[in-house]
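Work through the exercises below with the sequence and the model open. Each task is followed by its solution.

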Amino acid sequence: MADKDSVEKFLDNNPQFAKEYYEKKVKADVITAAFNNQVQVKDSASYKDVTNIQEAEFIFELVKEMQGNNPKEKALHKVLQRISTLIQADRCSYFECRSRNGSPELYTLLFDVTATSPLEKNLVNPNVEIVFPTDMGIVGWTAHSKKLQNIADVKKDSHFSDFVDKQTKYTTKCMLTAPILSGKEPIAVVMALNKQGANEFSKSDQELFEKYVNFASVIALQAHTAYMWDVESRRSQVMLWSASKVFEELTDIERQFHKALYTVRIYLKCERYSVGLLDMTKEKEFFDEWPIKLGDQEPYKGPKTPDGREINFYKIIDYLLEDKEEIKVIPGPPVDHWALVSGLPTYVAENGFICNMMNAAGDDYFTFQKDAVDETGWKIKNVLSLPIVNKKEEIVGIATFFNRVDGKPFDENDEQITEALTQFLGWSTLNCDTYDKLNRTEWRKEIAQEMLMYQTKATLNEVQTILNTQEKMGSAPEDCDQKEMYKLLRSNIPEANKVELLEFRFSDFPLSEFELIKCGIRCFFELGVVEKFKVPAEILTRWMYTVCRGYRDITYHNWRHGFNVGQTMFALLMTGKLKKYYSDLEAFAMVAAGFCHDIDHRGTNNLYQTKSAAPLAKLHGTSIMERHHLEYSKTLMEDENLNIFQNLQKRQFETIQHLFEVCIIATDLALYFKKRTMFQKIVETVEPMPEEKDRINHISNNPTRKEIIMAMMMTACDLSAITKPWEVQSKVALMVAAEFWEQGDLERTVLDQQPIPMMDRNHADELPKMQCGFIDFVCSFVYKEFSRFHKEITPMFDGLNNNRAEWRALADIHEAKIKAIEDEKKKLEVPEGGKSKTCVIC
């Protein structure tokens with residue numbers, strides 16, 4: 001037989017064999033012994049003799065419990081049994097920590113565990129658990145101090161409370177307690193009571209107790225981590241889905257709440273919840289107060305919300321989540337409805353507190369219904385109620401959650417999840433409020449637009465003053481043949497040549513505003529667009545009349561100016577020969593936009609709108625008045641009785657609207673300096689082209705070039721008064737100046753600002769000089785380039801130069817007078833001899 005040395009030498013020389021043998025024999029025997037035998041310690045004194053195999057078996061049993069789907073209570077129960085056996089404790093208990101309503105507390109999970117007691121007997125039903133705050137008793141002090149406690153005589157300890165002894169009729173003599181911590185926070189307390197066969201637990205007992213509490217700690221921490229992961233997962237899902245749903249539904253708060261709450265129901269882990277929506281009315285209607293003031297009705301004396309509203313639940317939405325899911329909506333719920341009868345929702349609405357209640361049926365303050373609340377047989381056990389508060393800190397509703405699905409009371413994590421949900425729901429009411437405000441603004445706009453159209457739209461009698469079908473045909477326009485009405489309308493409006501509509505020198509002064517309406521209609525007939533685009537004669541007449549009425553009765557930017565711009569556009573197209581670059585549809589839009597380009601002008605410019613913080617300035621960031629004129633023009637298109645483009649195809653109508661935007665926005669002089677260089681390049685490109693066909697193709701085949709020229713045409717039309725004969729231009733210039741001075745007066749009186757010289761009537765004498773500067777800086781380029789572009793437009797440039805000469809002569813006269821006055825002053829201030837005649841020194 002081999003001796004020890006030879007065996008060791010063999011194993012040293014054959015390490016692979018040694019490893020294989022160990023794996024096959026020794027390790028297998030140990031594991032088999034550890035995992036298949038049951039630990040039986042009959043005498044605690046023999047603990048030191050317990051083999052490592054037996055200890056390993058116990059640990060492995062705990063590991064198997066932790067790895068399976070078994071609840072933590074089973075593994076903890078085994079640990080408590082082991083502790084009870086080893087240290088000969090009469091019984092052991094396990095308390096868990098939680099918080100409710102902002103207060104930490106301890107409750108019994110496993111109670112009175114002995115070496116032989118079954119789990120079913122020791123596991124505490126949530127309905128009968130013992131609950132006490134962490135500042136009560138030795139167990140509470142253990143959680144608070146986070147230290148192990150070995151109390152030899154509890155009666156001598158100041159922290160001892162006989163609260164539990166009185167309930168269980170048990171007498172506690174000595175005690176061992178230890179906290180289980182997650183980081184720095186206590187999550188549980190293990191307790192062992194009354195050493196059998198001795199008066200207190202020894203030091204060795206404490207060491208054993210502490211060792212096995214470590215096992216309990218591993219189990220508890222694993223369960224706590226899994227629970228907190230579930231909490232955070234639920235929280236994130238609740239926020240994610242509620243955020244998704246509240247933005248899907250903006251029409252009203254009820255649908256918004258319903259979508260969000262129904263979507264997140266599986267993450268709330270309760271059997272049922274209800275939402276009570278509060279009436280947001282703060283003040284009664286005056287007629288509702290009459291009975292109270294007369295003494296016929298008692299004033300409201302019930303509870304009110306923190307912002308002073310009477311608590312009135314106008315609707316309850318009830319979500320039943322167990323078995324077959326069901327949603328009930330109860331409008332105008334009675335006060336004895338099961339969700340309200342307890343008084344808890346009213347209490348929460350009055351105080352704004354979160355209320356978390358366990359064992360609701362046994363509560364003395366609130367009268368919860370103890371029997372089944374409805375035909376489903378469902379009963380209330382635990383309740384969590386929270387206010388839904390909006391951004392204005394107004395309580396808009398109460399969300400109440402009933403019966404956690406695991407039977408336990410709601411804890412602080414449930415409070416935090418539901419509070420996050422209700423806070424988000426409360427804040428999201430801002431979406432509904434904003435949506436409602438937008439709707440109301442839109443409704444007010446429609447009402448205001450309807451009122452405006454009623455006051456502005458030409459009446460049938462006014463249309464008849466031009467169309468005159470009743471007298472000539474004996475019928476209303478809708479009963480007349482359209483071709484016959486065209487003939488009638490042509491006969492009732494002046495010929496273009498008679499009133500010089502085709503001339504750049506046209507003057508509106510000899511004509512009345514009514515006659516200008518007729519002249520505007522003539523422009524469309526001359527363009528050939530009325531019959532081509534099937535514009536009803538009645539609609540055209542009403543539109544033209546309505547555009548006239550849309551202009552305000554102000555000094556310059558009135559209907560006469562609007563007509564002049566439309567007439568000049570017509571003249572540029574026809575007399576200036578620019579029509580060859582544009583289609584009939586485009587020409588139709590350009591002349592119509594010219595008539596509308598300053599509709600509803602207020603007599604003040606864009607800068608004044610901004611300085612005075614006018615609503616128009618807030619609505620439109622740039623080109624303020626121009627965008628308002630455009631919007632007004634589009635409003636006319638929306639009325640079927642005014643839309644002269646109503647028989648166009650959809651794409652044609654979209655083209656008209658786009659061209660209106662190009663033409664009207666182009667009248668903003670702030671944009672003029674951006675577009676004039678582009679226009680000049682086009683002129684320089686086409687000027688040397690010998691063939692007219694090439695010039696036409698270069699422009700008409702490129703929509704951008706056409707729009708640039710169109711925009712410059714609008715500028716030329718808007719400034720055209722500067723090119724009129726001197727007798728016309730001098731009068732118009734005074735009207736323009738008068739309107740500017742009126743704005744200057746407003747700036748001085750309303751805005752308390754000093755107006756610029758052009759707007760200041762105190763600088764009226766400088767008008768000729770300012771006109772010269774305006775011509776040189778702004779106008780000259782426009783008409784010079786157009787005269788290069790088309791020689792037919794040269795009369796406008798000639799008129800401009802003639803007027804500049806007139807203004808220059810007046811400016812020279814004014815400057816000569818000023819110079820003479822200044823020279824005279826100098827003579828008076830410094831006479832011969834060096835003594836002043838105007839100042840005497842005594």
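**Exercise 1.** Find the helix that holds D5, and decide whether D5 is buried or exposed.

Solution. D5 sits in helix α1, residues 4-13; helices are DSSP runs of H or I with at least four residues, and strands are E runs with at least two, numbered from the N terminus. The model is predicted: local features need pLDDT of at least 70, side-chain atom pairs count only at pLDDT 80 or more, and totals for chains, interfaces and linings use all residues. Residues are numbered from 1 along each chain as its sequence is written, and side-chain values use heavy atoms, leaving out hydrogens and water. The relative accessible area of D5 is 55%, so D5 is exposed (buried is under 20%, exposed over 50%, partly exposed in between; 1.4 Å probe, protein chains only).

**Exercise 2.** Place G407 and describe its surroundings.

Solution. G407 belongs to the loop between β12 (395-404) and α13 (412-456). With a relative accessible area of 28%, G407 is partly exposed. N382 is 25 residues from G407 in sequence, and their C-alpha atoms are 8.4 Å apart in space.

**Exercise 3.** Describe the overall form of the chain.

Solution. Begin with the elements: the chain has 30 helices and 12 strands. Its radius of gyration is 47 Å, well over the 28 Å that the globule rule gives for 842 residues, so the chain is more spread out than a compact globule (radius over C-alpha atoms; rule: 2.2 Å times the number of residues to the power 0.38). Along the principal axes, the C-alpha atoms fill a box of roughly 135 × 95 × 95 Å. Of the 842 residues, 46% count as buried.
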